[in-house]
Amino acid sequence: MIEAALIFAFGCFGLGLLFNLWRIATGPDSADRILALDTMVINIIALLILYGIWQSTTIYYEASMLVAMVGFVSTVAYCRFVLRGDIIE
């Protein structure tokens with residue numbers, strides 16, 4: 001039963017990644033692209049967690065924490081670049 005739920009969740013988050021990629025490619029504004037990129041990071045984190053559950057190992061949980069930190073920093077840096085034109089003052 002858990003395998004069916006995992007396959008369904010993999011499909012849903014994979015579809016979400018495709019929708020985010022579409023929004024990044026056709027977003028009307030840069031704010032939409034930033035939000036889609038941040039949501040894409042969240043979907044990748046969810047896929048890493050699901051893969052860790054499927055493999056019954058804890059290394060993917062640690063990898064998901066690293067992806068979360070890098071995703072947060074990259075989102076903040078990209079927003080600062082869009083708003084101010086530079087990242088480091």
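Let me start with one definition: a residue counts as buried when its relative accessible area is under 20%, as exposed when that value is over 50%, and as partly exposed in between. Try it on glutamine 55, which has 37% relative accessibility and therefore counts as partly exposed. Glutamine 55 sits in helix H2. Please keep in mind that what we are looking at is a predicted model.

Let's walk along the helices, beginning with H1. Helix H1 covers residues 2-26. Does its length make sense, or how far apart should its ends be? With 25 residues at 1.5 Å a residue, H1 should span 36 Å, and its end C-alpha atoms are indeed 36 Å apart, so the two agree. Which residues of H1 are buried? They are Leu6, Ala9, Gly16, Leu17 and Asn20. These buried residues pack against H2.

Now for H2, which runs over residues 30-55. This helix has 26 residues, and from its first C-alpha to its last it reaches 37 Å, close to the 38 Å expected at 1.5 Å a residue. The list of buried residues here is Ile34, Ala36, Met40, Val41, Asn43, Ile45, Ala46, Leu47, Leu48, Leu50 and Gly52. What do they pack against? The buried residues of H2 pack against both H1 and H3.

Let me pick one residue from that list, asparagine 43, which has its place in helix H2. Is asparagine 43 buried or exposed? Its relative accessibility is 9%, and because that is under the cut-off of 20%, asparagine 43 counts as buried. Leaving aside residues up to four places away in sequence, asparagine 43 touches Phe13, Gly16, Leu17 and Asn20. You have heard some of those names already: Gly16, Leu17 and Asn20 are among the buried residues of H1.

So how do we describe a pair of helices like this? Two packed helices are described by the angle between their axes and the distance between the axes. For H1 and H2, the axes come within 9 Å and cross at roughly 160°. An angle over 145 degrees counts as roughly antiparallel, so H1 and H2 are roughly antiparallel to each other. Their crossing is left-handed. In the contact of H1 with H2, the residues divide into 18 nonpolar, five polar and three charged.

Next comes the turn into the third helix. Right after H2 we meet serine 56, which lies in the loop between H2 and H3. Its phi is near 55°, a positive value in a residue other than glycine. Why point that out? Because most residues other than glycine have a negative phi. Serine 56 has a relative accessibility of 67%, so this residue counts as exposed.

That brings us to H3, residues 59-84. At 1.5 Å a residue, its 26 residues should span 38 Å, and the end C-alpha atoms are 38 Å apart, which agrees. Ser64, Gly71 and Thr75 are buried in H3, and the buried residues of this helix pack against H2.

How do H2 and H3 pack? They do so at an angle of about 175°, with their axes 9 Å apart. That makes H2 roughly antiparallel to H3. Residues on the H2 side of the contact include Ile34, Val41, Ile45, Leu48 and Gln55, and on the H3 side they include Tyr61, Ala63, Ser64, Gly71 and Cys79. By class, this contact has 16 nonpolar, six polar and one charged residues.

Two residues of H3 are worth finding on your screen. Alanine 63 is found in this helix, and at 27% relative accessibility it counts as partly exposed. Alanine 63 and isoleucine 45 are 18 residues apart in sequence, and their C-alpha atoms are 8.5 Å apart in space. Cysteine 79 is in H3 too, and with a relative accessible area of 28% it is partly exposed. Between the C-alpha atoms of cysteine 79 and isoleucine 44, 35 residues apart along the chain, the separation is 20 Å.

One last pair takes us back to glutamine 55. Its C-alpha atom and that of arginine 80 are separated by 38 Å, with their positions 25 residues apart along the chain. And just after H3, glycine 85 takes a positive phi of about 95°. Thanks for listening!

Methods: Residues numbered from 1 in each chain as written. Predicted model: local features only at pLDDT ≥ 70, side-chain atom pairs only at ≥ 80, totals over all residues. Heavy atoms only, no water. Helix = DSSP H or I, 4+ residues; strand = E, 2+ residues; numbered from the N terminus. Expected span 1.5 Å × (residues − 1). Buried < 20%, exposed > 50% of the residue type's maximum accessible area, 1.4 Å probe, protein only. Contact = heavy atoms within 4.5 Å. Axes fitted to C-alpha atoms, helices over the stretch in contact; angles between N-to-C directions. Parallel < 35°, antiparallel > 145°, perpendicular 65-115°, else oblique. Left-handed = near helix turned anticlockwise from the far one by under 90°. Nonpolar A, V, L, I, M, F, W, Y, C, P; charged D, E, K, R; others polar.
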